[in-house]
Amino acid sequence: MTNPATSSGLSGVAEAARQAPGRGLPPVHLWHPEHCGDIDILIRADGVWMHEGSPIGRAELVRLFSTVLRKDPDGYHLVTPAEKLKIQVEDLPFRAVAVQSVDGVLNFTTDMGDVVEAGVDHPIEVETDAVTGEPSPRVHVRADLWARIVRPVFYELVERAGAADGRLVVRSGDEAFSLGGLE
């Protein structure tokens, strides 16, 4: 096994992520290496991860990188015990691609396979563009990482929602989340 402290670039990131036990997440919040520069990785608004202008074709590798992703005040980074590499994100790093209600609780599945239970720790937020009126829904995944709720999933939420105080509201467990004003 390669030591992530001696590996660099993509290979170091991949090796550090592989060392997370099971499907759990590495403790990136505990790692504070020096910033090593930028790496030519872009997460497009449609959720496609690009490296040097080409899509990263291996879903397993993208999932691996997603486990060492962290948002710091200066942007998004892939973090290992030895390196911190800045990447670009066009919108949000993840996309909520499915929602399921289990015993009245909304469970979102992201494009990385994470399952997030909407509630006080994982709120649903919807910003509305002041000019176009277009909603931009998102759900909190972990730390300061969010998933854009894709349009079909947002439509499912709208179908589940009810009116309350002039707003369209969806419930998850004991929490209520506004999807926007009624017009």
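A residue is called buried here when its relative accessible area is under 20%, exposed when that value is over 50%, and partly exposed in between. The exercises below apply these terms to a predicted model.

**Exercise 1. Determine which residues of helix α3 are buried, and where they lie around the helix axis.**

Solution. Begin with the extent of the helix: α3 covers residues 151–160, and within this stretch V153, F154 and L157 are buried. Next consider their directions from the axis, which span an arc of only 100 degrees, so that these residues fall on the same side of α3. This agrees with the general geometry of the α-helix, in which a turn takes 3.6 residues, so residues three or four places apart point the same way. Finally, turn to the face directed away from the buried side of α3, where the exposed residues P152 and E159 are found.

**Exercise 2. Describe how strand β12 is covered, and which strands pair with β12.**

Solution. Strand β12 runs over residues 145–149, and 5 of its 5 residues are buried. Separating the side chains by direction, one finds L145, A147 and I149 pointing one way and W146 and R148 the other, with burial on both sides. For the pairing, take strand β7 (residues 94–102), which joins β12 in the parallel sense over 3 bridges; here A96 stands opposite I149 of β12. Then take strand β11 (residues 135–142), whose pairing with β12 is antiparallel and extends over 4 bridges, with V139 opposite A147. The connection between β11 and β12 is a hairpin with 2 residues between the strands, and A143 in this turn has a positive phi of about 45 degrees.

**Exercise 3. Classify H140 as buried or exposed, and identify its surroundings.**

Solution. H140 belongs to strand β11. Its relative accessibility is 12%, and because the limit for burial is under 20%, H140 counts as buried. A polar atom of the H140 side chain lies 2.5 Å from the backbone oxygen of A143, the residue with positive phi in the hairpin turn. Once neighbours within four places in sequence are set aside, H140 is in contact with V116, D121, H122, P123, L145 and W146; of these, L145 and W146 belong to β12, from which they point in opposite directions.

**Exercise 4. Classify Q88 by its accessibility, and list its contacts beyond its sequence neighbours.**

Solution. Q88 is placed in strand β6, which comprises residues 84–89. With a relative accessibility of 45%, Q88 counts as partly exposed, because this value lies between the limits of 20% and 50%. Leaving out neighbours within four places in sequence, the contacts of Q88 are I41, L42 and I43. As for W49, this residue is 39 residues from Q88 in sequence, and the C-alpha to C-alpha distance between them is 9.9 Å.

**Exercise 5. Work out the strand order of the open sheet that contains β14, and name its edge strands.**

Solution. The open sheet has 3 strands in the order β13-β14-β15, and their pairing is antiparallel. Its edges are β13 (162–164) and β15 (175–181), each of which pairs on one side only. From one strand to the next, the twist averages 45 degrees. Strand β14 (residues 167–172) is linked to β15 by 6 bridges, and one of the bridge partnerships joins R167 to G181 in β15.

**Exercise 6. Place these elements in the context of the whole protein chain.**

Solution. The secondary structure amounts to 3 helices and 15 strands, and of the 183 residues in the protein chain, 46% are buried. Among contacts between residues at least 6 apart in sequence, 50% join residues at least 24 apart. The protein chain exposes about 9,700 Å², of which carbon and sulfur atoms supply 49%.

Definitions and conventions: Residues are numbered from 1 along each chain as its sequence is written. This is a predicted model: local features need pLDDT of at least 70, side-chain atom pairs count only at pLDDT 80 or more; totals for chains, interfaces and linings use all residues. Side-chain values use heavy atoms; hydrogens and water are left out. Buried means under 20% relative accessible area, exposed over 50%, partly exposed in between (1.4 Å probe, protein chains only). The arc is that of the directions from the helix axis to the C-beta atoms. Two strands pair if DSSP finds at least two bridges between them. Contact means heavy atoms within 4.5 Å. Accessible areas come from the Shrake-Rupley method with a 1.4 Å probe; for residues, only the protein chains shown count as cover. Axes are lines fitted to C-alpha atoms, for helices over the stretch in contact, and angles run from 0 to 180 degrees between N-to-C directions. A polar contact is a pair of N or O atoms within 3.5 Å; within protein, one must be able to donate a hydrogen and the other to accept it, and residues adjacent in sequence count only if both atoms are side-chain atoms.
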